[in-house]
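Please consider the structure shown below. The paragraphs that follow lead through some of its helices and its sheet.

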Amino acid sequence: MTKLQHLVAAECVRLADFLDTLPASQWNAMSLCEKWRVREVIAHLTMPARYTPERFATEIADSGGDFTVMSDRVAARDGSLPVETLIAGLRSEAMQTFAPPGGGYEGALNHVVIHGLDVTMALGVARVATDDAVRSVLDQLAWHGGAANFGRDLSDVRLVATDFDWSVGTGRSMIGPAADLALFICNRKVQLADHAHHGG
C-alpha cells in the first residue's frame, strides 16, 4: 500500500469512529454541502462501498451523463439507509481501497477529508482529519491544480494556515485553520481573516 492509500484508509476509519458517536438527530443536521444533510454527505461519500463500476456507469447513464444530477439523486435515495450501513461503508475494504478514475488516491483522500469537514464544521466540532491528511489535500488543491475543479482562482491570494506550517501563493493574505483553507478552496462558505498585501 502506498502512503496515500494508507492515509485514505485511516481517514475513513477516523470519520467512521466519529460518526459512531453522533446522536441520531445530528444525522439530519445540514452540512456545508448545499441541500445535503449529514446523512446525504456520508451516503454520497460511501458510494464506492455499494456501487460496482458497472452500477456506477448505469447510474450516470440514467442521469443523462451528468455527474451532479447523479450525485444528488443517489445521495437523496441512499441518505435514507440506516446510519449503521453508512458507517459500515466507511469501514469497508471497497471504500478504503477505492481510487476514483482520473483522481487516484489523491482524489480519494480529497473526497473523504473535504466531505468529513463538510460534516464536522457544520456541526461545530473539531476536524477528525489528521494534519498529514489535510496538508496532503491542501497541497493537491493548491499546487496540483485541484482548485480549478472548484472554479477557485488562487492567482492573487496567499493562503496561510494557523494550526501548522503551510502557506502558498502571493497577494492578499487569507489566514485561518488549515481545514478552513481547504474548504475555502473548495468553494464552501467559511470565514477567513483577510489581510491586504503590504509588500515585503
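In this predicted model, helix H6 spans residues 83-91, and its buried residues are Leu86, Ile87, Gly89 and Leu90. Viewed down the axis of H6, these buried residues fall within an arc of 150 degrees, so they line one face of the helix. An α-helix has 3.6 residues a turn, so residues three or four places apart point the same way. Several other helices help to cover the buried residues of H6, including helix H1 (3-20), helix H2 (38-45), helix H3 (47-50), helix H5 (67-78) and helix H7 (93-96).

Further along the chain is an open sheet, in which four strands follow the order S2-S1-S3-S4 with mixed pairing. Strand S2 (167-168) and strand S4 (193-195) stand at the edges; each has a single partner strand, so one side of each lacks a neighbour in the sheet. Strand S3, residues 172-176, pairs with S4 in the antiparallel sense over three bridges. Within this pair, isoleucine 175 is placed opposite alanine 193 of S4. Helix H10 (residues 178-185) packs on the sheet, where it touches S3 and strand S1 (157-161). The direction of H10 makes about 145 degrees with that of S1.

Helix H10 also meets helix H9 (residues 131-143): their axes come within 10 Å and cross at roughly 30 degrees. This crossing of H9 and H10 is left-handed. On the H9 side, the contact is made by Val134, Leu138 and Leu141; on the H10 side, by Ala178, Ala179, Leu181, Ala182 and Ile185. Of the residues in the contact of H9 with H10, eight are nonpolar, with no polar and no charged residues.

Technical notes
Residues are numbered from 1 along each chain as its sequence is written. This is a predicted model: local features need pLDDT of at least 70, side-chain atom pairs count only at pLDDT 80 or more; totals for chains, interfaces and linings use all residues. Side-chain values use heavy atoms; hydrogens and water are left out. Two strands pair if DSSP finds at least two bridges between them. Helices (H or I, at least four residues) and strands (E, at least two) are DSSP runs, numbered from the N terminus. Contact means heavy atoms within 4.5 Å. Axes are lines fitted to C-alpha atoms, for helices over the stretch in contact, and angles run from 0 to 180 degrees between N-to-C directions. Buried means under 20% relative accessible area, exposed over 50%, partly exposed in between (1.4 Å probe, protein chains only). The arc is that of the directions from the helix axis to the C-beta atoms. A crossing is left-handed if the near helix is turned anticlockwise from the far one by less than a right angle, and right-handed if clockwise. Ala, Val, Leu, Ile, Met, Phe, Trp, Tyr, Cys and Pro count as nonpolar, Asp, Glu, Lys and Arg as charged, and the others, Gly among them, as polar.
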